[in-house]
Amino acid sequence: MRIRWKTTSIIGLCTFLCVWFCLLSLHGRFQKRSIAPALRTVQIDRRNKTLEGSQKQDDSVFPSSTAEYNGLAARVNSHERRELPAKKVDSGEHTVCSARILGQHPWTGTCGSKPVRFAGGRKVDVKCVRFGTEYGGFQMPDPMCFLKPGDVIYGFGVGEDISYDVAFASNYDVTVRIFDPTPRASEHVEAVLNTIRSGQRPESAPSGKADCYLFNGQEREVSGKYPADKYFANVLESGLSEKRLTYRPWALGVEDGTMEFHSPKGGKGVSHTLNAAADGSSIRVPVRSLGSIMAEFGDTAISVLKIDIEGFEVKVIPQLVELWKKIPKEGWPRVLAFDMDSLREGHPQKDAEGAKAAIMQLKALGYTQFSLSGGADIVFVLDTMDPAQTKSVDDDGGGTNAVFADAFPLSSRPTLFRRVSL
């Protein structure tokens, strides 16, 4: 009897423990489900410069009154440019920002995530997306929730491939301004604009070359051997309206004036350089400084700036740095994209030392390298957060700056924030 009683007691105790653990598990799951829809917001006390987390049961990641939530790339509120709140994750695939255009986007592909390190040793893993073709694209941070409808992005040097600019405009409701003074670039942009206006792709090239098309009675090509038929089909698919794309045949320089551009060797290719061509052919083009261009358009800030000017970036970057030092930081570009031909072996304008010096100036200003692709395509992001205001978020073992994470949240999170720790 005594043995049977002990056996019964042990079985009863085991049954009780199993039921207890099951109830705990169900309770934990219920709590997670009830918390999942709530997004953690970060409220910043401007006077005390402190961060504190709170739960908010609405669509805003941040309330519109928050002025300093711009960790990596969100713009600080100002009288001229008031920040709109980002929206919560939809369907686990995209983060809806105020300027984000949801749907299918041509020339847009994922490139994993990039570990970005900031002052004070902060490390942030940011989702990466490629805008544009393999030839003309860049690896950009995603999503860019600092953008709001109507923001302006600039692109200098477009050649015969504006896929990056078209892809950007198909993802965000922004105004795209592109600049290139070379004749073939001008013809290419006009062909794209004509496609947008008419809704019709250009005719195929008489030569039968896949990367060529017929425009204004002449056979022209798309850079990088990209199929022309597919290229213009993507332009139409982008849904880009002509009013959101501005083109001027200007070169970017340190001051207004004109400059002699030397034609590519044998007249082949679209890119011109400052080095004299063997056959002596050249063109004279209008040159404008960035400050002068912004003043003409009435742009008080540029959100994203792309520069591909055949090695001349080593001359322009120091001037840009001096310009930005004179204006509030909220007016600086939050993302910079450079095709730094000055780093490319064999390029006529190769200047590795000048390129390194220019990069150091950008880093001293607060820009951090986000991506490097194609050997010399470099994207920088601006860290506008005071390290003293930083808290890290526990995200699968990696430290993430809380404020930064809201400018570029990772879509893999079930909620934008889980556990905040000092």
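**Entry 1: Asp341 and Arg344.** I looked up Asp341 and found it in a salt bridge with Arg344, the closest N and O atoms being 2.8 Å apart. The model I am reading is a predicted one. Asp341 has a relative accessible area of 4% and is therefore buried, whereas Arg344, at 24%, counts as partly exposed. I then followed shared partners: salt bridges join Asp339, Asp341, Arg344 and Asp377 into one network.

**Entry 2: salt bridges across the structure.** I searched the whole structure and obtained 20 salt bridges. Two further pairs were examined individually.

**Entry 3: Asp142 and Lys127.** I noted a salt bridge between Asp142 and Lys127, with 3.6 Å between the closest N and O atoms. Asp142 sits in the loop between strands E7 (138–141) and E8 (152–156), and Lys127 in strand E6 (residues 123–131), so the pair ties together parts 15 residues apart in sequence. I recorded both Asp142 and Lys127 as buried.

**Entry 4: Glu242 and Arg197.** I found the side chains of Glu242 and Arg197 meeting in a salt bridge at 3.0 Å, N to O. Glu242 belongs to the loop between helix H4 (228–237) and strand E13 (245–248), while Arg197 belongs to helix H3 (residues 183–198); the pair therefore ties together parts 45 residues apart in sequence. I recorded Glu242 as partly exposed, with a relative accessible area of 34%, and Arg197 as partly exposed at 44%.

**Entry 5: a nonpolar patch.** I turned to the surface and located a nonpolar patch of about 300 Å², made by Leu13, Phe16 and Leu17. Phe16 lies in helix H1 (residues 2–35). Its relative accessibility is 54%, so I entered Phe16 as exposed, the cut-off being over 50%.

Note on methods:
Residues are numbered from 1 along each chain as its sequence is written. This is a predicted model: local features need pLDDT of at least 70, side-chain atom pairs count only at pLDDT 80 or more; totals for chains, interfaces and linings use all residues. Side-chain values use heavy atoms; hydrogens and water are left out. Patches are made of residues with over 30% relative accessible area and no salt bridge: like charges are joined within 9 Å, nonpolar side chains (Val, Leu, Ile, Met, Phe, Trp, Tyr) within 5 Å. Accessible areas come from the Shrake-Rupley method with a 1.4 Å probe; for residues, only the protein chains shown count as cover. A salt bridge is a side-chain nitrogen of Lys or Arg within 4 Å of a carboxyl oxygen of Asp or Glu. Helices (H or I, at least four residues) and strands (E, at least two) are DSSP runs, numbered from the N terminus. Buried means under 20% relative accessible area, exposed over 50%, partly exposed in between (1.4 Å probe, protein chains only).
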